[in-house]
Amino acid sequence: MKVLGAAFLLITVTTVVLPQTPDPLRFFPHHVGDVWQYRSQFTGRLIGTEYIDSVRVDSLSRNIFIYFGHSGGGGTNNRYRIDSVGNLYNLNFQPDYIRYKLYADSGQSWQAGVVNDTVPVIVTVMNVYQAYVFGILTTVKAFRFVIQNPPPRQPFWLGTDHLAAGFGLVKIEIEPSDVYYLAAAIIDTVHYGTIISVREQSSSPQSFDLLGNYPNPF
């Protein structure tokens with residue numbers, strides 16, 4: 001088992017649209033036993049833990065079904081589906097809409113859901129850039145979610161998810177004023193930072209959804 005440095009560093013060097021990006025699936029690692037732990041950038045508090053319980057691949061459709069568990073038990077497990085071209089769907093919330101197009105380039109937009117039955121939520125890849133994550137230079141895509149209110153109301157920013165190749169979700173900017181960052185992880189048996197034991201956690205939170213804050217429906 002390989003252990004890498006504990007420091008987390010995510011630095012935007014510049015706005016760079018890369019001519020060739022990594023395999024889209026690398027932006028959402030999905031090995032059984034993978035673990036992610038997040039902290040608040042402002043308070044340093046441990047926000048929560050995500051870990052993968054099981055992964056199933058449909059041999060006909062080539063869809064990948066990913067099932068997460070929660071530290072401490074309880075809560076509704078997160079479930080995702082990645083189709084054969086790299087579209088990721090949240091099966092727990094508006095499963096007919098694409099949450100991430102893992103292959104998307106900077107500037108691409110699509111509808112990721114609706115609020116109040118009719119108002120679309122639009123996600124845009126705001127930036128594709130290079131950054132260091134746990135000392136490793138990798139490619140990061142910033143997916144910005146906006147409620148596209150009809151005029152005269154202004155669009156409402158929900159937040160921005162930063163997905164890094166080889167690491168998955170590394171930073172979450174949440175409306176109105178918080179930022180979560182990846183503090184530690186185990187990905188494909190490699191340790192990054194220091195994981196607080198999932199089994200030993202007994203205090204709140206017992207479940208965790210990265211973008212569940214009111215008024216953010218995502």
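The following exchange concerns a predicted model of one protein chain and the terms used to describe it.

Reader: What kind of model is this, and how are its residues numbered?

Author: Residues are numbered from 1 along each chain as its sequence is written, and side-chain values use heavy atoms, with hydrogens and water left out. The model is predicted: local features need pLDDT of at least 70, side-chain atom pairs count only at pLDDT 80 or more, and totals for chains, interfaces and linings use all residues.

Reader: Why is the pair Asp161 and Arg99 called a salt bridge?

Author: The term requires a side-chain nitrogen of Lys or Arg within 4 Å of a carboxyl oxygen of Asp or Glu. The closest N and O atoms of Asp161 and Arg99 are 3.1 Å apart, so the pair meets the definition. The structure holds one salt bridge.

Reader: What makes this pair a tie between separate parts of the chain?

Author: Asp161 belongs to strand 11 (residues 156-164) and Arg99 to strand 7 (residues 98-101), so parts 62 residues apart in sequence are tied together. Strands (E, at least two residues) and helices (H or I, at least four) are DSSP runs, numbered from the N terminus. The chain has 14 strands and zero helices.

Reader: Are Asp161 and Arg99 buried or exposed?

Author: Both are buried, that is, under 20% relative accessible area, where exposed means over 50% and partly exposed lies in between (1.4 Å probe, protein chains only). Of the 218 residues in the chain, 48% are buried.

Reader: Which residues does Phe28 touch?

Author: Contact means heavy atoms within 4.5 Å. Not counting residues up to four places away in sequence, the partners of Phe28 include Ile66, Tyr100 and Leu163.
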